[in-house]
Every structure is written in C-alpha cells, then in structure tokens.
Amino acid sequence: MRIPARFNGPPGSGNGGWCAGLFATAAGARVGGPPVRVTLRVPPPLDTGLLLDGGVVRAGGVLVAEVDDEADTGVPVPAVPLAEASAAARDYPGFATHPFPGCFVCGPDRAPGDGLRIFPGPLPGGRTAAPWTVPGDVAAETMWAALDCPGGWTAISDAGRPFVLGRITATVAALPLPGDECVVVGALAGVDGRKALVDSSVYGPDGRHLAQARATWLALVQ
C-alpha cells in the first residue's frame with residue numbers, strides 16, 4: 001500500500017480517517033460488512049511503501065497501525081436537515097483557526113474537487129454538522145475520511161486545543177452516489193484527560209444512514 005500525498009491530514013502525514021479506511025479495506029473490510037477497528041500507532045507516512053501482515057501495518061520496521069474486529073461503532077448521531085447542516089457549517093471554527101488548514105477532509109485551504117471540504121459547525125449538545133457534496137471517486141476510504149473530522153471537531157471545539165485521530169471503529173452500509181448532497185454529523189461522547197471519545201454518522205440525501213463510527217482522538221501536547 002501507499003498513501004498518496006493528496007490524502008494528508010497534518011502536514012507530512014496522512015489523514016487518519018482516510019488511512020484507516022485504506023488499512024481496513026486492505027484487511028478485508030467491505031461495504032455492507034461488519035465493523036472494523038483501526039488503531040494508529042504513528043502518523044501514517046505519505047508516499048511510502050506500507051505492508052499489511054496479520055492485521056499489522058508497517059513501514060519498514062516501524063509499526064504504523066493495527067487492524068482488528070470490533071463491534072462498537074457507538075450510537076448513530078441523529079440526522080439534521082441539509083439546511084440546518086449548511087447553517088451550522090457557516091460557523092465552522094476552522095475558518096478562523098485551524099491546526100491543519102490543508103487537511104484533505106476539513107481543510108479550508110483545499111480547493112473544490114481536491115479535498116472533501118467538510119466544514120463541521122457547532123450544534124447544541126456538543127454536536128457538529130456539515131453538508132458534504134460527494135466526489136466522483138467516492139469509495140470506502142472516502143466514507144471513513146468523511147466520518148473522521150466531524151467527530152474530531154466536537155473535541156476540538158470543547159477543549160479549544162488540537163486533537164488527532166488515535167483509533168476508529170467504523171462500518172459503511174452503502175456508498176452515496178457522486179454528486180449527492182449528504183449530511184455528516186458528529187457528537188462528543190466523553191473526554192478523559194487527553195482522550196476524547198466521539199461518534200459520527202453520514203446520511204444520504206434521502207435520509208438513509210450510510211455510515212457510522214466511534215473514534216478516540218488524542219490531544220496534542222503543547
């Protein structure tokens with residue numbers, strides 16, 4: 001496997017959700033299949049040869065990630081109408097201050113057609129919501145990526161400090177069609193020290209629940 005530089009999160013490393021989706025798919029995860037958990041041990045390196053062996057992803061001698069079966073994808077975050085998600089996105093905190101403005105998923109510096117441009121804005125109750133126009137090359141990895149940052153921003157908004165993905169368990173029931181206007185929502189389940197537990201869901205334009213994840217995010221030491 002190789003993570004193209006386009007799919008970055010923080011500068012010089014892969015977006016956690018997209019990379020986790022790549023690793024899960026390589027390990028046998030499929031659309032419509034059971035949940036899979038991916039634990040990231042180091043920031044996934046870009047444009048580097050990676051080997052998956054027995055659920056372990058390595059870059060040479062470096063342990064990058066571990067993939068295993070895990071059923072806990074949290075609870076579906078309730079959907080909101082597209083108009084409400086669009087209104088929330090106008091208050092996306094990342095427009096003012098973003099730790100990684102070039103992030104493939106939520107970076108405001110990414111041009112339309114390049115990044116996913118999912119801008120999760122705040123809702124009451126520690127939730128976020130954003131509209132998402134599905135790209136033409138949508139795949140399972142894209143869905144894992146879409147589930148990533150909307151959950152993470154609930155932790156960032158709550159704590160006021162940058163977080164990165166540490167672990168994610170996800171399941172993708174179905175892929176949306178290219179060009180679909182979906183809604184992505186996140187919710188903060190709890191914070192324990194540097195760890196934040198978050199849930200996220202993707203809903204199709206007809207309100208169908210397409211994907212679900214539970215993730216652990218880690219606050220960066222400043």
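This note goes through a predicted model, point by point, from one helix to the strands, the pockets and the cavity.

1. Helix α1. This helix spans residues 16-26 and is mostly covered, with nine of its 11 residues buried. The buried ones are G16, G17, W18, C19, A20, G21, L22, F23 and A24. An α-helix has 3.6 residues a turn, so residues three or four places apart point the same way. In α1, however, the buried residues form an unbroken run from G16 to A24.

2. The ends of α1. What caps the N-terminal end of α1? The cap is N15, which has a side-chain oxygen 3.1 Å from the backbone nitrogen of G17. After the helix comes G28, and the phi of G28 is positive, near 115°.

3. N8, in the segment before α1. N8 lies in the segment that precedes the helix. Is N8 buried or exposed? Its relative accessibility is 14%, so N8 counts as buried, because buried means under 20% relative accessible area. A polar atom of the N8 side chain lies 3.2 Å from the backbone oxygen of G102. Setting aside neighbours within four places in sequence, N8 is in contact with S13, G14, N15, L46, G102, C103, F104 and R110. The helix cap N15 is thus one of the residues that N8 contacts.

4. Strands β6, β8 and β9. Strand β8 covers residues 181-192. Strand β6 (residues 127-133) runs antiparallel to β8, and seven bridges join the two. One bridge pairs W132 with C182 in β8. Strand β8 also pairs with β9, again in the antiparallel sense, over nine bridges. Here V184 stands opposite V202 in β9. Two residues lie between the strands in the hairpin of β8 and β9, where G193 takes a positive phi near 65°.

5. V183, in β8. This valine is found in strand β8. V183 counts as buried because its relative accessibility is 6%. Residues up to four places away in sequence aside, V183 touches V80, P81, L82, A85, A130, S201, V202 and Y203. For a sense of distance, V183 and A26 are 157 residues apart in sequence and 27 Å apart in space, C-alpha to C-alpha.

6. T128, in β6. T128 has its place in strand β6. It is buried, with a relative accessible area of 3%. Which backbone oxygen lies 2.7 Å from a polar atom of the side chain of T128? That oxygen belongs to P150. Beyond its neighbours within four places in sequence, T128 is in contact with P120, G121, L123, P150, W153, T154, V184, V185 and G186. P150 therefore appears both in the polar pair and in the list of contacts of T128, where contact means heavy atoms within 4.5 Å.

7. The largest pocket. Its volume is about 370 Å³. The lining has 26 residues, and those closest to the centre are P10, G16, F163, V164 and L165. Elements that give two or more residues to this lining are α3 (140-159), β7 (163-172) and β10 (209-219). By class, the lining divides into 17 nonpolar, seven polar and two charged residues.

8. The second largest pocket. This pocket holds about 200 Å³ of space. Of its 13 lining residues, G166, R167, K195, T216 and L218 are the closest to the centre. At least two residues each come from β1 (36-40), β7, β8, β9 (195-203) and β10. The lining has five nonpolar, four polar and four charged residues.

9. The cavity. How many cavities of 30 Å³ or more does the count give? The count comes to one. The space in the largest cavity is about 70 Å³. Its lining consists of T25, A29, R30, V31, G33, P34, V36, A140, W144, A170, T171 and V172. Helix α3 and strand β7 are the elements that give two or more residues to this lining. Strand β7 has the largest share, with three residues. Eight of the lining residues are nonpolar, three are polar and one is charged.

Terms used
Residues numbered from 1 in each chain as written. Predicted model: local features only at pLDDT ≥ 70, side-chain atom pairs only at ≥ 80, totals over all residues. Heavy atoms only, no water. Helix = DSSP H or I, 4+ residues; strand = E, 2+ residues; numbered from the N terminus. Buried < 20%, exposed > 50% of the residue type's maximum accessible area, 1.4 Å probe, protein only. Polar contact = N/O pair within 3.5 Å; in protein donor to acceptor, adjacent residues only side chain to side chain. 1 Å grid on protein atoms, 1.4 Å probe; cavity = no way out; pocket = protein on both sides within 12 Å on 5 of 7 lines; lining within 4 Å. Points joined across faces, edges and corners; volume = space filled by probe spheres on them. Nonpolar A, V, L, I, M, F, W, Y, C, P; charged D, E, K, R; others polar. Pairing = 2+ DSSP bridges.
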